[in-house]
Structures are given as structure tokens and as C-alpha cells.
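Welcome! Please take a look at the chain below, and then work through the exercises with their solutions.

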Amino acid sequence: MNPYFKKIMRFASPYKKYAYLNILFNVFYALFSTLSFVSLMPMMDVLFKQETKIYKEPQYNGIFEIKKYAGDYLNYYLTMTTENYGISRTLGILVVGIITVFLLKNACDYFANFFITFLRNGVIKDLRDTMYQKTVSLPLAFYSEKRKGDTIARLSNDVNEVQASFLSILELIIKEPLTIVFTIGAMFMISVKLTVFVFIFIPISGYIISLVGKQLKKKSTRAQQEQGHILSTIEETVGGLKVIKGYNAENHFTRIFRNSTARYFKLSNSIINRQNLASPLSEIMGISVIATLLWYGGHMVLVEESLKGGAFITYMGLAYNILTPAKAISKASYGVKKGNAAAERILEVLEQENPITDKPDAIEKHTFEQNIQISGVDFSYNDERKIIENLTLDIRKGQTVALVGQSGSGKSTITNLLMRFYDVDGGSISIDGTDIRDLKMESVRGLMGLVTQANILFNDTIRNNVALGNPDATDQEVIDALKVANAYEFVEKLPNGIHTNVGDSGGLLSGGQQQRLSIARAVLKNPPIMILDEATSSLDAESERYVQQALENMMQHRTSIVIAHRLSTIQKADKIVVMQQGKIIEQGTHDELLAKGGAYQKLVAMQSFE
């Protein structure tokens, strides 16, 4: 079995009852599909007056003579009906029988498709849910190497491709092969000689058809990668539209987008044209076999007289009946090659190892009592140069510790390590003497609140954005948090108050308003440890005053770790840590560091001069 198909099909387990019902009705469909042609043979014999007259009821002589018994009994029944009621009654019975068989065939087809729908859609729902869950559980390092658009493409386009290709096989895997098997069985019953003759040509046809699909998977992979590039370009364009317009870069990005769509255009044309070739090619091969059959079968009817005309016409109908499922299987085989490419990209995410996970014996911790100890920590991104090197720092409960230094000195990296967005390469980080790798991640992150420079708000109401870490909070608790963050004064003036939608990425609010909502979110979570990553660096003077006051309100009675470029905002910190190239070069209070006349004093002097 195809390895990708097998892995994707594990998602079908909860829906196996629908699979069994689909198989059952497909078996009946295949049977009635064959019988719908076989039932024409008695009609042909009656019309052409070639039926065998039998006036004595035949005797059943065991399973090995079932074919002869069934044929003789049918001829006996038709003979007696014609003798007793006339030819019109016989024709009427045959017509009713044919209509009944066709009705049963189509009813079984409907119910087979009815049940497979629940299986197909269920698998896709669970696959997409699992993909999303895996997407949010993977570490940040995974996405630093991936385009956002590529991840979106895997969640949307690739999953849809699996539904269109792999899961369409579920409809074919029983119905079409069984239709072929039953049809071939009926063909053998009519004429073994003619059927053996047919099977000389079928392997040749299959080989020719298979040659067409050889390059399909490779091209499909490239096409899906290009789709990811297109989505990434769109996402980056919409997100950075202000910069694009400001730098008159519309033509540059338009050129990038057009080049990408042109590549996708060529790949899509090649893939679709190759797929479209499947149906006519298989039909041409099939018609070639039919034409050969007409010649050889006609010889058997007219020259050898070893086959009745009605039987030969029925046989031709059965031979043509193989064409439709054969075409469907041929087309599906090309779809599988496209599905292989999509499934490979999906499974790349699903099977991606997550290096940052809870240990089996990880413990929960809901309180912070003593200190955070950073001991001899080393860290680098992607095994490149060390961002943090042999860093040791003690943060006592209730302290406000500020991290300062030039960009790239490792300040934000420390906060990422504290929240276990990344794990240290060497050394350890502990809370109250317990290594954070021995704690459950949910516990570690539950002890911390995070306010970043980038105001991350979601296209939802103010209430839901603020209550993100505490969804069971009451409206009054949300309002109280907004008041602490100096945000309620503008929120209460909005048309729907806390139930006002903030727009995409909070675009309906100013930068200062967005930041105060981020602070309110952290206030409502009420963690004992607060991390502030350059929370005021992008604000104007008035907004900064409001936000700084909100931060001071929030930091009361909490342990706070503050990253700041504006040194005026951290003068009251209990400890200021000066970093350079991943190392601590100075630490102390504002006055102590000024008195040293070292790196911190130079930073203060530089900002004072500015």
C-alpha cells in the first residue's frame, strides 16, 4: 500500500462503520452493475428467437453445474410463460426485471456515496484539526525557517488536495475493481475463449497509460511549494502595505508576485494536461480492445457459429462496462501522484519532532516563592554563533530587574528561554530551585505574563482579547484590568464598550491603545512574574506616559523582568543588567552603575545627548 495513503488513512479509524457500509453497498453495486448487462441477454435471445426451448423443469445437480442449471431454469421459465401467456407477457416480465436490476444498481450507488461522504469529510476534519494542533504546538524555531504562507498552504491547499485525490480513491477502491471483477466473471461465463483473447491486450494498454503519470508527483510537489510562495507573498504584502507604498515598491512586489504566478501557471498547465490525457488515452486503449473484440467475436458468431448473437451483444456491453471503471481507476492513479506530494508536505509537519516537550514525570507548579536562577546558560539559534554565553543571573522574588544593551546583545533571547520558547544548549534556568525543564510548560508559562513591543491583538472583541489567558473572567474583572492598564477611559467611549471588535491585528485602535490592551491582558492573567519586552519603545510621548503609568500599576507586588531601550523608564529598577554580545558586563542599581562610569554610564550619556 502507498505509505502516504496508509499514514493518512489512520484518521479513518473513527469512521470505520461508514467504510463498512460503503463497502457493502459497493459490493451490491458491482453485482447489479454486471447483472444489468447480463439481464439483457434473455431479452436479446427472445427478440432474435435464439432462446433454447425447455419444457421440462431442470434438476439442480450441485454447485459445479450452477451455471447450466441457472440458464436452463431461465429458459424453462421463459418457455412456459410464452406457451401459457404469449410473447408479450414474456417481454413485459423481462423489461420489469431489467428495470428492477438498474434501480437496485443506482440505489446501491447512492447509498455507497452517502456513507463515504461522512468518512471523507470526517477524515479531512480530523486531519485539519490535527494539523492545526501540531502547528500551534511546534516551537518557534520551526517557523523561523518557514514561510507563513507555506504553512497556510499546507493547512488549506494541501489538505484539500488530499481530499480531492487520496480520499477519492476510497470511492474507487471497492466499487470499480469489483465491477471489473464481476464483469470479467460474467464474460468468462459467456465465452472463455473470447475473454482470454481480451486479456492479451489489457496489460499492454495498462503499461502505456502508466507511462503518462510518471512525472506527476514531482511536478505536483513543485506546484504546491509555489502555492505556498504565492500565499507568503500575499501575507507579507498585506502586512507590510504601508512600507511598500511608502517606498514606492508596488512594482517590485507586483513583479515578484507575477513571477510566482507565472511559474505556477506553467506547472498547473503541465499537471492538468497530463491528468486530462488519462481519460482519452484509457478510452482509446479500451476502444482498441473493443474493436479487436468485434473482429474476433464476429468471426465466432458468423463463421465458427460457436457463440449466439444475443450472447455476443451482451458480451460487448460487458466489455464496454469495464471501460468506465478502468478510466476512473486510471484517473485516480494520477490523482494519487498529486496526493502523494500533498500528503508528503502534510506529514512533514505532522511527523515533525518537537524538541520542547514535557518530560513524562514533569511536575506542576502554581506558585513563585523565592527566585529565578539562570546558571551558566549557553544558547545559539540553529547551531550558529552563541547568542548567550555562560550567563548567570539571580532574580529574587519581588525584584524589578532591567536588561539593557545594544540590539543583538541577547536581552530578548533571555525572555524566550525563560518562557521555554527555546531550550538552553548548556546550563540551566530554575524557578525556586527546580529546573524549568522538569516543570510542565503550562505551569512555567502560567507563572509569567508577557507584554511585547509588537502589540499582538486578534480580530475579536476587546473583552476576548483581554481575557485570552483567563477566558472565564467576568465582564467586571475585564473592566478592572482595563482600569489598571489605563485603558478603560478610551474603551468605555467606544460604541460597544468592551464588546467592540478591534479589527485585524487591532488596526482600529492606535498604537498606544493597543499596547494598553496588551497590558490589561497581562493584568487579568495576574501572574507572579511579569516580562516586559520593550513595551514602550514604539510609542509617542503622550502614549508612553499612559503606558508607563499602566506598567507601574501592573508591576506592583510582582517580580518583573524589563527589557528597555529608553533608560529613563528603568531608573527605579532594583537591578539593572548591562549586556553585550550575550554576556553580562555590568549589573547594579542606576546610581551604582552611573558611579562606575562604565558601559551603562555611556548609554545614559548617549541617550541624554540624543
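**Exercise 1. Decide whether Arg-420 is buried, partly exposed or exposed, and find its place in the chain.**

Step 1. Keep in mind that this is a predicted model. Arg-420 has a relative accessible area of 3%.
Step 2. The cut-off for buried is under 20%, so Arg-420 is buried.
Step 3. Along the chain, Arg-420 sits in the loop that links helix H17 (411-418) to strand S4 (426-431).
Step 4. Now look at the backbone: Arg-420 is not a glycine, yet its phi is positive, about 60 degrees.

**Exercise 2. Carry out the analysis for Asn-486: where is it, and is it buried or exposed?**

Step 1. Asn-486 belongs to the loop between H20 and helix H21 (488-491).
Step 2. Its relative accessibility is 14%, so Asn-486 counts as buried.
Step 3. Asn-486 also has a positive phi, of about 55 degrees, although it is not a glycine.

**Exercise 3. Describe the chain as a whole: how many helices and strands does it have, and what percentage of its residues is buried?**

Step 1. The chain holds 25 helices and 10 strands.
Step 2. Of its 610 residues, 47% are buried.
Step 3. Turn to the surface: the chain exposes about 31600 Å², and carbon and sulfur atoms supply 57% of that area.
Step 4. Finally, consider the contacts between residues at least 6 apart in sequence: 77% of them join residues at least 24 apart.

**Exercise 4. Find the largest nonpolar core and say which helix gives the largest share of it.**

Step 1. The largest nonpolar core contains 39 residues. Val-466, Leu-482, Leu-517, Met-554, Ile-570, Ile-576 and Tyr-600 have the most contacts inside it.
Step 2. Helix H22 (residues 511-525) provides the largest share of this core, with 6 residues.
Step 3. Another core, of 31 residues, lies apart from it; among its members are Ile-374, Val-377, Leu-403 and Ile-436.
Step 4. Zoom in on Leu-482. Leaving aside neighbours within four places in sequence, Leu-482 touches Ile-462, Val-466, Ala-487, Tyr-488, Val-491, Ile-498, Leu-517 and Ala-520.
Step 5. For background, nonpolar side chains in soluble globular proteins tend to be buried together.

**Exercise 5. Work out how helix H20 (residues 475-484) and H22 are placed relative to each other.**

Step 1. The axes of H20 and H22 come within 8 Å and cross at roughly 125 degrees.
Step 2. Therefore H20 is oblique to H22.
Step 3. Their crossing is right-handed.
Step 4. On the H20 side, the contact is made by Glu-477, Val-478, Ala-481, Leu-482 and Val-484; on the H22 side, it is made by Leu-517, Ala-520, Val-523 and Leu-524.

**Exercise 6. Follow helix H2 (residues 16-38) and describe how it meets H9 and H5.**

Step 1. Start with helix H9 (residues 175-190): its axis and that of H2 come within 8 Å and cross at roughly 35 degrees. The crossing of H2 and H9 is right-handed.
Step 2. List the partners. Residues of H2 including Asn-26, Tyr-29 and Ser-33 take part, and those they meet in H9 include Lys-175, Phe-182 and Ala-186.
Step 3. Go on to helix H5 (residues 87-137). H2 and H5 pack at an angle of about 155 degrees, with their axes 8 Å apart.
Step 4. That angle is over 145 degrees, so H2 is roughly antiparallel to H5.
Step 5. The crossing of H2 with H5 is left-handed.

**Exercise 7. Place Thr-461 in the chain and say which residues it contacts beyond its neighbours within four places in sequence.**

Step 1. Thr-461 lies in the loop between strand S6 (448-452) and helix H19 (462-466).
Step 2. Its relative accessibility is 17%, so Thr-461 counts as buried.
Step 3. Thr-461 and Ile-498 are 37 residues apart in sequence, and their C-alpha atoms are 6.8 Å apart in space.
Step 4. Setting aside neighbours within four places, Thr-461 contacts Ile-498, His-499, Thr-500 and Asn-501.

**Exercise 8. Say how accessible Arg-396 is and what surrounds it.**

Step 1. Arg-396 is part of strand S2 (residues 386-396).
Step 2. With a relative accessible area of 41%, Arg-396 is partly exposed.
Step 3. Glu-369 is 27 residues away along the chain, and its C-alpha atom is separated from that of Arg-396 by 9.1 Å.
Step 4. Apart from neighbours within four places in sequence, Arg-396 is in contact with Gln-370, Asn-371 and Thr-559.

Methods
Residues numbered from 1 in each chain as written. Predicted model: local features only at pLDDT ≥ 70, side-chain atom pairs only at ≥ 80, totals over all residues. Heavy atoms only, no water. Helix = DSSP H or I, 4+ residues; strand = E, 2+ residues; numbered from the N terminus. Buried < 20%, exposed > 50% of the residue type's maximum accessible area, 1.4 Å probe, protein only. Contact = heavy atoms within 4.5 Å. Areas by Shrake-Rupley, 256 points an atom, 1.4 Å probe, with all protein chains shown as cover. Core = buried A, V, L, I, M, F, W, Y, C linked by side-chain atoms within 4.5 Å. Axes fitted to C-alpha atoms, helices over the stretch in contact; angles between N-to-C directions. Parallel < 35°, antiparallel > 145°, perpendicular 65-115°, else oblique. Left-handed = near helix turned anticlockwise from the far one by under 90°.
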